[in-house]
Each structure stands twice: as structure tokens, then as C-alpha cells.
Amino acid sequence: MKTLTIGRRVIMPVVILVQEYPERTKFIVNELKSKGIEPYEYDGFSANLSGVSTEHIFNPVDNWKMGSKGTCLVMSFLSCLSALLMQRYDHFLVMEWDVQFDDNWLKRTAKALGEVPSDFDMLYLGSCNCNQFPKRQVSSECWEVKW
């Protein structure tokens, strides 16, 4: 693991992996390295190997239950974020094994980090999960999305 220094911020990069897919690990480590990122590799919970599931009805309208994959994803992120709270860093870049970065990601990220308030909590790089929600552009590289 090698920290990233972007502007005046030192950032610990972390990628959440699933251990039964070593080909995914190899792919994302090589992909991230090509973008200048050498992350800490965090093993998440495996839907296939953990046996974790839930009986909880997530959506009572159609009796939908969150499956093992969704449950393990949530558990992986919660455990990773909990572990990061014990680190000495103030900023983290948390990624999944299938993250993709544009070639100009570092320049855009540095600009965005320079535009956010000093007490910001989260900055999402990209918008794959935000496209369908209303957004308000607050600076050249930052949008406010509430959902």
C-alpha cells in the first residue's frame, strides 16, 4: 500500500476484494497500478463462501429479501469503514474490485478536493449510482446529490 498525496491531503487507498476470485484481484491491482494507485487490499465477505444470508424482508411491498450478495456487500463496506476509523489517516479512497478511472482522474480529483469545504465528509469520484437523482452543480467538479 502506498498513500496518495493529492494537493495537501494524504489519502489511504483501499480496494475491497472477494478472495475466491483471484483473477479479479489481479485485474484490479494491475488496473489501479496503471493509474498510479497502489491500494491496501481488504478482503470482504464472500457471498459464495460465507454462508451469510438474511431473513429480513427489505421491501415489504413485494416481500423482497436482500440476498447473500447484497448482505455481504453491506457487511464488507461496514467492516472496512469500521477498520478505517482506527487508522491514522484522515482521508481514504475506498474502491470495489471493478472500479474504473479516466486517464485524467487525478487532475479532476485534485480540482474537486480543492473545491470541497474543509469539513467535507464524503466525495464520490464518479456518478454511476447517481445518474437518476437530481443534482446541483456546486463547483466545476462537484455536484450535490441528496438521496
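**Exercise 1. Find the turn that links β1 and β2, then trace the partners of β2.**

Start at the turn: β1 and β2 make a hairpin with two residues between them, and Gly-7 in that turn has a positive phi of about 65 degrees. Keep in mind that this is a predicted model.

Next, look at the pairing on either side of the turn. β1 and β2 run antiparallel and are joined by three bridges; Ile-6 has Arg-9 of β2 as its bridge partner.

Now move to the other neighbours of β2. With β6 it pairs in the parallel sense over six bridges, and Met-12 stands opposite Phe-92 of β6. With β3 (residues 40–43), β2 also pairs in the parallel sense, here over four bridges; Leu-17 has Asp-43 as its bridge partner in β3.

Finish with the surroundings of the strand. Eight of the nine residues of β2 are buried, so the strand is largely enclosed by the rest of the structure.

**Exercise 2. Work out which elements build the largest nonpolar core, and follow Met-95 through its contacts.**

Begin with the core itself, which has 18 residues; Leu-4, Leu-32, Ile-37, Leu-93, Met-95 and Phe-101 have the most contacts inside it. At least two residues each come from β1 (4–6), β2 (9–17), α1 (22–34), β6 (91–96) and α3 (105–115).

Then take Met-95. Beyond its neighbours within four places in sequence, its contacts include Val-14, Ile-16, Leu-32, Ile-37 and Phe-101.

Do not stop there: a second, separate core of seven residues includes Met-12, Ile-16, Tyr-42 and Cys-80.

**Exercise 3. Classify the aromatic pairs by their geometry.**

There are two pairs to find. Phe-58 and Trp-64 lie 5.3 Å apart, centre to centre, with 80 degrees between the planes, an edge-to-face pair. Trp-64 is partly exposed, at a relative accessible area of 41%.

For Phe-101 and Trp-105, the centres are 4.9 Å apart and the planes are at 50 degrees, so this pair is tilted. Check burial as well: Phe-101 is buried at 12% relative accessibility, and Trp-105 is buried at 6%.

One more ring deserves a look: the charged end of Arg-24 sits over the ring of Tyr-21, 4.0 Å from its centre.

**Exercise 4. Is Ser-34 buried or exposed, and what does its side chain reach?**

First place Ser-34 in helix α1. Its relative accessible area is 55%, and the cut-off for exposed is over 50%, so Ser-34 is exposed.

Then follow the side chain of Ser-34, which reaches the backbone oxygen of Glu-31 at 2.6 Å.

Last, look along the chain: Ser-34 and Asp-103 are 69 residues apart, with their C-alpha atoms separated by 9.5 Å.

Notes. Residues numbered from 1 in each chain as written. Predicted model: local features only at pLDDT ≥ 70, side-chain atom pairs only at ≥ 80, totals over all residues. Heavy atoms only, no water. Core = buried A, V, L, I, M, F, W, Y, C linked by side-chain atoms within 4.5 Å. Buried < 20%, exposed > 50% of the residue type's maximum accessible area, 1.4 Å probe, protein only. Contact = heavy atoms within 4.5 Å. Polar contact = N/O pair within 3.5 Å; in protein donor to acceptor, adjacent residues only side chain to side chain. Phe/Tyr/Trp six-rings, centres within 6.5 Å; stacked < 30°, edge-to-face > 60°. Lys NZ or Arg CZ within 6 Å of the ring centre and 35° of its normal. Pairing = 2+ DSSP bridges.
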